[in-house]
Amino acid sequence: MFELLGIPPQALFGQLLLGLINGSFYALLSLGLAVIFGLLNIINFAHGAQYMMGAFVAWMLMTYFGVGYWWALLLVPIAVGATGIVIERLMISRLYNLDHLYGLLLTFGLALIIQGLFRNQYGVSGLPYTIPAELSGGTNLGFMFLPNYRGWVVFASLVVCLATWFAIEKTRLGAYLRAATENPTLVGAFGINVPRLITLTYGFGVALAALAGVLAAPIYSVNPNMGADLIIVVFAVVVIGGMGSILGAIVTGFGLGIVEGLTRVFYPEGSAVVIFVIMAIVLLVKPAGLFGRTA
Amino acid sequence: MTFTKGLLLSAALILTAAPALAETAVKIGVLNDRSGIYADLSGEGSVIAARMAVEDFDAASKGISVDIVSADHQNKPDIASNIARQWYDTDGVDLIVDVPTSSAAFAVSDITKEKNKVFMNSGAGSADLTGAKCSPNTIHWTYDTWALAHGTGNAMVASGAKKWFFITADYAFGQSLEKDTAAVVTAAGGEVVGAVKHPFPGTDFSSYLLQAQSSGAQVIGLANAGGDTVNTIKQAAEFGITQAGQSLAGLLIFITDIHALGLETAQGLVLTEAFYWDLNDQTREWSARFAEQNGGKMPTMVHAGVYASVLHYLKAVEATGGKDSAAVIAKMKELPADDPLFGKGEVRADGRVTHDMYLFKVKAPGDSKGPWDYYETLATIPAAEAFRPLADGGCPLVN
Amino acid sequence: MTMANTETQVPMTPELTIATPKHHVVIFAVLLGLLLIAPFVLYPVFLMKVLCFALFASALNLLLGYGGLLSFGHAAFFGSASYIAAHAAKVWGLTPELAILLGTGAGALLGLGIGSLAIRRQGIYFAMVTLAFAQMVFFFALQAPFTGGEDGIQAVPRGRLFGLIDLSNDLTLYFVVLLIVFGGLMLIYRIIHSPFGQVLKAIRDNEPRSVSLGYKVNRYKLAVFVMSATLAGLAGATKAIVFQLASLTDVYWTMSGEVVLMTLLGGMGTIFGPFVGAGLIVTMENYFAGFGAWVTVLQGVVFVITVLLFREGIIGVIARWTKKPL
């Protein structure tokens, strides 16, 4: 059996698969961010906190109402998306005529509030959320033992990502949305309720984050800090992919998951930073991102 | 000197030389993590333990009034250092206890030495606190990385688990824990087949667990703590690590971690601790009282250490009749440590407190009679062997 | 896109000379007077913390308020200067003024390196590049052996200033720090009220027009970036000596966020705003330290309210009422 830099291929494939699994979280989260930025020009720093809320609401549904995982997958994004709509209506919409960076600062503040409140209430030790029975156990793939749940995560992410991409790029609704961001007055003149479209889009982006949270709840511990360090990485993913590009976010998300997975094998201490190095390089060489269109 | 001045001077001397029946007012600061990963194993519980010590000692009737304050250092050395400095400078704190997280402990140890106060650590792990970085003002209770490494390391190698793979938290504590355990393993005839360092704190350990699996090790040593350990163990269960035949050795585990994991996932884990609530009648009695005030949660060894250290401090204050730091510390090292929780022990010249350590194994769900009934005792490591020999630490106070 | 504060209604009286307005002199004098007596009333170490952060926020304000560039990675300069100064004082045994100088120099060099690469982009991309580089600096600080990782560099000696003045006395050190911080503030004031500063404001308000007027915009931007980084470094190096500790908190991205908050709250583009903002935030943190995560919540609330309602910041609002630039 050949060895690649001292790592047998079995181990390598295993790590690549794990990287793909992590990449699906990155892809899902950066998809939400890309939708919000690409279409609304809002930099949603609260995305990580909304991801965390998704995991927590799923836990609350289970603990207080006995509502299981499959229902949570449906209900949680709707619930958290609704809070997103409220935030947009009350606060973010006031900032549209100002510099984008105010939106960043506002959502940064919101993230601090949400995280702080949850930390006060629930402490920082993780809360348990069990893998649903239908998805527990695993399959022995030969080169590694793949837990069924992780396989499900990749599958679900891919489906959601592709569906979103299709909806935005190929359907009429998506076309309205894209037109509304380029020229809201003209689109409004056509009789389309642009503010409502924008609000719903923000809500959708937040719902995507919450969905990622529900998917994450059984495998990462449900704790208030789970979004905090993730958000910076997701930003990097979106910037690399191109801040307006849905496809860019998806591809980069999965891609970076794989790169991170490989780094964990060869230089684990650097796994946390490899993404920023790539981001800096991309920004300096192709500032609009790999798939982005220059503004 | 005129007659009046002399009279006044004598009066002043007489008044200050009044008998020590005057009240000694002592202020104790409980500094730990109240909102982060170590909040459960220290946090408010340590404050409760400190208060229990003051009440059980009956300080009031012995002429010692005790005031307890607490603060959250958020596991950061700079915050810990600032709070300690302010406590000593402006708030009149005489003794700081607890302080989990080794980096914060070092910071507090430095400030305490500079301001000549007293620091009794119960929560941190690094053995350097009584080794290369020892201080005449610091006393280290409960546990340290040397004791843990020797306890668990020796036990597992003796039971046949010779090949080790380490998953280490990439910071000072994790690295020292790995280093100490690796030394023990190799000295006992075992072999370290691999190691990987993960960023601290980490979230996803699947990649490292996979590497551990393919390394052919019999034991995966977890040189991390708190949430990291809990997550690694959970994910190990998910990936069927133990089903496939490898065992996990948690090098630093607290009973709160087992509580968070649940017996289903944690069963079979071998670990070393300094205290368990169900050890004997005395620990049971104390723990029941503690749990009443702590929302039904049983004490960890850190809580027990805070109780014991405050008790010992008050004994020394009573014996010396005051709170002069140097005198109190000298008295604490002179008096043998003796409390219902740790039994008999010794406070050494380097600041290390020795007492028995225990090797535990986590019960299977079927063997447990109720919540918090998690451990079965495998062995007792006597105080004389449990801690690093005095001469080996490299502490300048030891001559 | 720049962060032009298009809502300030300060009357645009054309100035033929850039003389120091009298009210500024008065405010500086009053401020200095208050700061001279403050250590006898309040805990000097707390005051020194306020001063260091006031300088840090003022440095950021130079870049953000007057240069119109939002840097989300200023902690990189603050923190690396902190580490260098700490290392110099502890391991190389340098006297504090040399250690601080070295730290400041490190901040300047890093500012030059990061700035020359970041300047190529604008707006949100600029902010993201600075964040990326700051994360890399954090990673370096985490891994490099000399920084001590999680422990940080501890037990940094305060030393003797110029080999003569013993700084272990909090009061003595306070006056030294006051000198440094006030000096930094004066320097910033001078930079802003100079032809250079005028061009900077022009670039902030309308970059294309400045380019068309023939100004080498990128050079100005880089210059102000390096100045800002240097002063942030000065703040960090001083802080390391005061608290005798340099740790990862100093390079972590939340530190960058906090200093942006201080500048925003106090008032971007005002002279005294960052001072006020730093004072308020540090006081708030100190007061709420016992309450754990409530500090985070409160910071978030302050952020949200400031962005929604008080974009000009406290001093900005006062400036608008009194119709004088502050």
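Is D56(B) buried, partly exposed or exposed? With a relative accessibility of 33%, D56(B) counts as partly exposed, because that value lies between the 20% and 50% cut-offs. Keep in mind as we go that this is a predicted model.

Let's stay with D56(B) for a moment, since this residue has a partner. Its carboxylate forms a salt bridge with R289(B), and the closest N and O atoms are 3.0 Å apart. The two residues come from distant parts of the chain: R289(B) belongs to helix α11 of chain B (residues 281-293), D56(B) to helix α2 of chain B (residues 43-57), and 233 residues separate them. R289(B) has a relative accessible area of 30%, so this residue is partly exposed as well.

Chain B offers another long-range pair to look at. The side chains of R352(B) and D144(B) meet in a salt bridge, at 3.2 Å from N to O. Here R352(B) sits in the loop between β12 and β13 of chain B, while D144(B) sits in the loop between β5 (138-140) and α5 (145-158) of chain B, 208 residues away along the chain. Both R352(B) and D144(B) are buried.

The loop that carries R352(B) leads us straight to a sheet. In chain B, three strands in the order β11-β12-β13 form an open sheet with antiparallel pairing. Its edges are β11(B), residues 337-339, and β13(B), residues 353-354, each pairing on one side only. Three bridges hold β11(B) against β12(B), residues 343-347, in the antiparallel sense. If you would like a landmark, find D338(B): its bridge partner in β12(B) is K344(B).

Elsewhere in chain B you can see the parallel arrangement. Strand β1(B), residues 24-32, and strand β2(B), residues 64-72, run parallel and are joined by nine bridges. Within this pair, K27(B) stands opposite D67(B) in β2(B). Strand β1(B) is mostly covered, with eight of its nine residues buried. As a reminder, strands of a sheet pair through backbone hydrogen bonds, in either a parallel or an antiparallel way.

Now let's step across to chain A. Where chains A and B meet, 23 residues of chain A are in contact with 22 residues of chain B. The area buried between these two chains is about 2000 Å², and carbon and sulfur atoms give 52% of it. Seven residue pairs across this interface are in polar contact. On the chain A side, α1 (9-40), β2 (145-147) and α10 (246-266) each supply at least two residues. The largest share comes from α1(A), with five residues. By type, the residues of this side of chain A are twelve nonpolar, seven polar and four charged.

Charged pairs also appear at this boundary: two salt bridges cross between chain A and chain B. One salt bridge joins the side chains of R150(A) and D204(B), at 3.3 Å from N to O, and both residues are buried. Over all chains, the structure holds 22 salt bridges. The pair just described reaches from R150(A) in helix α5 of chain A (residues 148-170) to D204(B) in the loop between β7 (191-198) and α7 (206-214) of chain B.

What does chain A bring to its contact with chain C? There, 39 residues of chain A touch 40 residues of chain C. The two chains bury about 3900 Å² between them, 80% of it on carbon and sulfur atoms. Y102(A), L105(A) and L284(A) supply 17% of the area that chain A buries against chain C, more than any other three residues. Between these chains the count of salt bridges is zero, and zero residue pairs are found in polar contact. On chain A, helices α4 (100-122), α9 (228-241) and α11 (274-285) each supply at least two residues of this side. The largest share, 14 residues, comes from α4(A). The side of chain A that touches chain C divides into 30 nonpolar, four polar and five charged residues.

We can finish inside chain C, at P44(C). This proline lies in helix α2 of chain C, residues 44-66. P44(C) has a relative accessible area of 13%, so this residue counts as buried. Leaving aside residues up to four places away in sequence, P44(C) touches P39(C), D170(C), L171(C) and Y174(C).

How values were computed. Residues numbered from 1 in each chain as written. Chains lettered and ligands numbered in written order. Predicted model: local features only at pLDDT ≥ 70, side-chain atom pairs only at ≥ 80, totals over all residues. Heavy atoms only, no water. Contact = heavy atoms within 4.5 Å. Buried area = accessible area lost by both parts, 1.4 Å probe. Salt bridge = Lys/Arg side-chain N within 4 Å of Asp/Glu carboxyl O. Polar contact = N/O pair within 3.5 Å; in protein donor to acceptor, adjacent residues only side chain to side chain. Helix = DSSP H or I, 4+ residues; strand = E, 2+ residues; numbered from the N terminus. Nonpolar A, V, L, I, M, F, W, Y, C, P; charged D, E, K, R; others polar. Pairing = 2+ DSSP bridges. Buried < 20%, exposed > 50% of the residue type's maximum accessible area, 1.4 Å probe, protein only.
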